[in-house]
Amino acid sequence: MIKETKDKQHIDIKELVIKLTEMGYREILVESGRGILSAFFNIGLFDRIYWFFGAKILGDKGNSPFSYVANNIQNAINLKIIGNINFGDSFLIILENRGDK
């Protein structure tokens, strides 16, 4: 069983990952919005990001994929581009966590 957080609105992501590891899982695909994505960023539980870009510009009315905000450059998440693929007018960029946040 996975425990809820104190606010009873969320689950403990670290505990979830530990439980999945105990069950034998070694890779997890997380397809999410910015809340869950940023939760994984905040606790450093990601190795790679597969980020799809479409050929549309929403301007300042679009939703940011991140709510993680580093308060200075030393706390920024350092990524390395390890691949990219074009899909017509869209593309995928593959980023790896350097782990030196």
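## A nonpolar patch on the surface

Let's start on the outside of this predicted model. Five residues, Met 23, Tyr 25, Ile 28, Val 30 and Ile 36, make a nonpolar surface patch of about 490 Å².

Take Met 23 as an example from this patch. Is Met 23 buried or exposed? Its relative accessible area is 56%, and because exposed means over 50%, Met 23 counts as exposed. Along the chain, Met 23 sits in the loop that runs between helix H1 (13–22) and helix H2 (34–43).

## How the two helices meet

Now look at the helices on either side of that loop, H1 and H2. Two packed helices are described by the angle between their axes and by the distance between the axes. Here, the axes of H1 and H2 come within 10 Å and cross at roughly 85°. Angles of 65 to 115 degrees count as roughly perpendicular, so that is how H1 and H2 are arranged relative to each other.

Which residues meet where these helices come together? From H1, you can find Ile 13, Lys 14 and Val 17. Their partners in H2 are Ala 39, Phe 40 and Ile 43.

## A salt bridge between two strands

Side chains of opposite charge can pair when their charged atoms come close. How many salt bridges are there in this model? The count comes to 1. This salt bridge joins the side chains of Arg 48 and Glu 96, with 3.5 Å from N to O. Arg 48 belongs to strand S1 (residues 48–53) and Glu 96 to strand S3 (residues 90–97), so the pair ties together parts that are 48 residues apart in sequence.

Both partners can be placed on the scale between buried and exposed, where partly exposed covers the range from 20% to 50%. Arg 48 has a relative accessibility of 43%, so this residue counts as partly exposed. Glu 96, at 29%, also counts as partly exposed.

## The whole protein

Let's step back and view the full chain. The protein has 2 helices and 3 strands. Starting at the N terminus, these elements follow the order α-α-β-β-β.

What share of the 101 residues counts as buried? The value is 16%. The protein exposes about 8,400 Å², and carbon and sulfur atoms supply 53% of that area.

Finally, consider contacts between residues at least 6 apart in sequence. Of these contacts, 53% join residues at least 24 apart.

Key. Residues are numbered from 1 along each chain as its sequence is written. This is a predicted model: local features need pLDDT of at least 70, side-chain atom pairs count only at pLDDT 80 or more; totals for chains, interfaces and linings use all residues. Side-chain values use heavy atoms; hydrogens and water are left out. Patches are made of residues with over 30% relative accessible area and no salt bridge: like charges are joined within 9 Å, nonpolar side chains (Val, Leu, Ile, Met, Phe, Trp, Tyr) within 5 Å. Accessible areas come from the Shrake-Rupley method with a 1.4 Å probe; for residues, only the protein chains shown count as cover. A salt bridge is a side-chain nitrogen of Lys or Arg within 4 Å of a carboxyl oxygen of Asp or Glu. Helices (H or I, at least four residues) and strands (E, at least two) are DSSP runs, numbered from the N terminus. Buried means under 20% relative accessible area, exposed over 50%, partly exposed in between (1.4 Å probe, protein chains only). Axes are lines fitted to C-alpha atoms, for helices over the stretch in contact, and angles run from 0 to 180 degrees between N-to-C directions. Angles under 35 degrees count as roughly parallel, over 145 as roughly antiparallel, 65 to 115 as roughly perpendicular and the rest as oblique. Contact means heavy atoms within 4.5 Å.
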